[in-house]
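I opened this notebook to keep track of what I looked up, entry by entry. I begin with the chain as a whole and then go through its helices.

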Amino acid sequence: MTLSVALGPDTQEGTRTGTEASTDSLTAPDIPWNLVIWNDPVNLMSYVSYVFQSYFGYSESKANKLMMEVHKKGRSIVAHGSKEQVERHAVAMHGFGLWATVERATGGNGGSSKNSGKSGGSGQGKGKRG
């Protein structure tokens, strides 16, 4: 038995014969990735919201919602996209002084569970930091 698989432009075409089990893993370029912004004790909440508005073009209400998620939950997924896009966003966020990481999107739960219990930390004072 011969099995041919048509793949995308970034992958190699392959042909398998018989009942050979595949140990190869294909990396689809369009698997979504998340940009995560983490809470930190340095940046003001208003600044974080400003960055979301000015860089991503989010409305004030959306930027404030994401900022509050960062503040209260310790992190927020603020953008999705290809790995390259999200990595560019992460570099930009670092340029703004925000703590940003890139993670592979997992279907349904909006991100990984690592540090999901992280909340605040020192230096937050009266809710003025985000």
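**Entry 1: the whole chain.** I looked first at burial, and found that buried residues make up 31% of the 130 residues in the chain. I note here that the model is a predicted one. I then listed the secondary structure, which comes to three helices and five strands, and I wrote down the order of the elements from the N terminus as β-β-β-α-α-β-α-β. For the contacts with a separation of 6 or more, I found that 67% join residues 24 or more positions apart.

**Entry 2: helix α1.** I looked up α1, residues 45–56, and found that its 12 residues reach 16 Å from the first C-alpha to the last, close to the 16 Å expected at 1.5 Å a residue. Which residues of α1 are buried? I found Met45, Val48, Ser49, Val51, Phe52 and Phe56. Seen down the axis of α1, these buried residues fall within an arc of 155 degrees, so they line one face of the helix. As background to this I wrote down that an α-helix has 3.6 residues a turn, so residues three or four places apart point the same way. When I checked what covers the buried residues of α1, the elements included β3, α2, β4 and α3. After α1 comes glycine 57, and its phi is positive, near 75 degrees.

**Entry 3: the loop before α1.** In the loop between β3 and α1 I found proline 41. Its relative accessibility is 45%, and proline 41 therefore counts as partly exposed, since that value lies between the cut-offs of 20% and 50%. I also looked up its distance to histidine 71, and the two are 30 residues apart in sequence but 9.8 Å apart in space, C-alpha to C-alpha.

**Entry 4: helix α2.** I went on to α2, residues 60–73, whose 14 residues reach 19 Å from the first C-alpha to the last, close to the 20 Å expected at 1.5 Å a residue. Its buried residues are Ala63, Leu66, Met67, Val70 and His71. They cover an arc of only 140 degrees around the axis, which puts them on the same side of α2. On the face turned away from that buried side I found the exposed residues Ser61, Lys65, Lys72 and Lys73. The cover over the buried residues of α2 includes β3 (33–38), α1 (45–56) and β4 (75–81). Glycine 74 follows α2, with a positive phi near 90 degrees.

**Entry 5: methionine 67.** I picked out one residue of α2, methionine 67. Is methionine 67 buried or exposed? At 6% relative accessibility, methionine 67 counts as buried. Leaving aside residues up to four places away in sequence, I found that methionine 67 touches Met45, Val48, Ser49 and Phe52. I also looked up tryptophan 38, which is 29 residues from methionine 67 in sequence and 9.7 Å from it in space, C-alpha to C-alpha.

**Entry 6: α1 against α2.** The axes of α1 and α2 come within 8 Å and cross at roughly 130 degrees, and the two helices are therefore oblique to each other. I recorded the crossing of α1 past α2 as right-handed. The contact is made by Met45, Val48, Ser49, Phe52 and Gln53 of α1, and on α2 by residues including Ala63, Leu66, Met67, Val70 and His71.

**Entry 7: helix α3.** I found that α3 has 13 residues and reaches 18 Å from its first C-alpha to its last, close to the 18 Å expected at 1.5 Å a residue. Val86, His89, Ala90, Ala92 and Met93 are buried in α3. Seen down the axis of α3, they fall within an arc of 165 degrees, so they line one face of the helix. On the other side of α3, I found Arg88, Val91 and Gly95 exposed. The buried residues of α3 pack against β3, α1, β4 and β5 (99–104). Just after α3, glycine 97 takes a positive phi of about 85 degrees.

**Entry 8: α1 against α3.** Last, I looked up the axes of α1 and α3, which come within 12 Å and cross at roughly 135 degrees; α1 and α3 are therefore oblique to each other. The crossing of α1 past α3 is right-handed. Here the contact is made by Val51, Tyr55 and Phe56 of α1 with Arg88, His89, Ala92 and Met93 of α3.

Notes:
Residues numbered from 1 in each chain as written. Predicted model: local features only at pLDDT ≥ 70, side-chain atom pairs only at ≥ 80, totals over all residues. Heavy atoms only, no water. Helix = DSSP H or I, 4+ residues; strand = E, 2+ residues; numbered from the N terminus. Expected span 1.5 Å × (residues − 1). Buried < 20%, exposed > 50% of the residue type's maximum accessible area, 1.4 Å probe, protein only. Arc of directions from axis to C-beta. Contact = heavy atoms within 4.5 Å. Axes fitted to C-alpha atoms, helices over the stretch in contact; angles between N-to-C directions. Parallel < 35°, antiparallel > 145°, perpendicular 65-115°, else oblique. Left-handed = near helix turned anticlockwise from the far one by under 90°.
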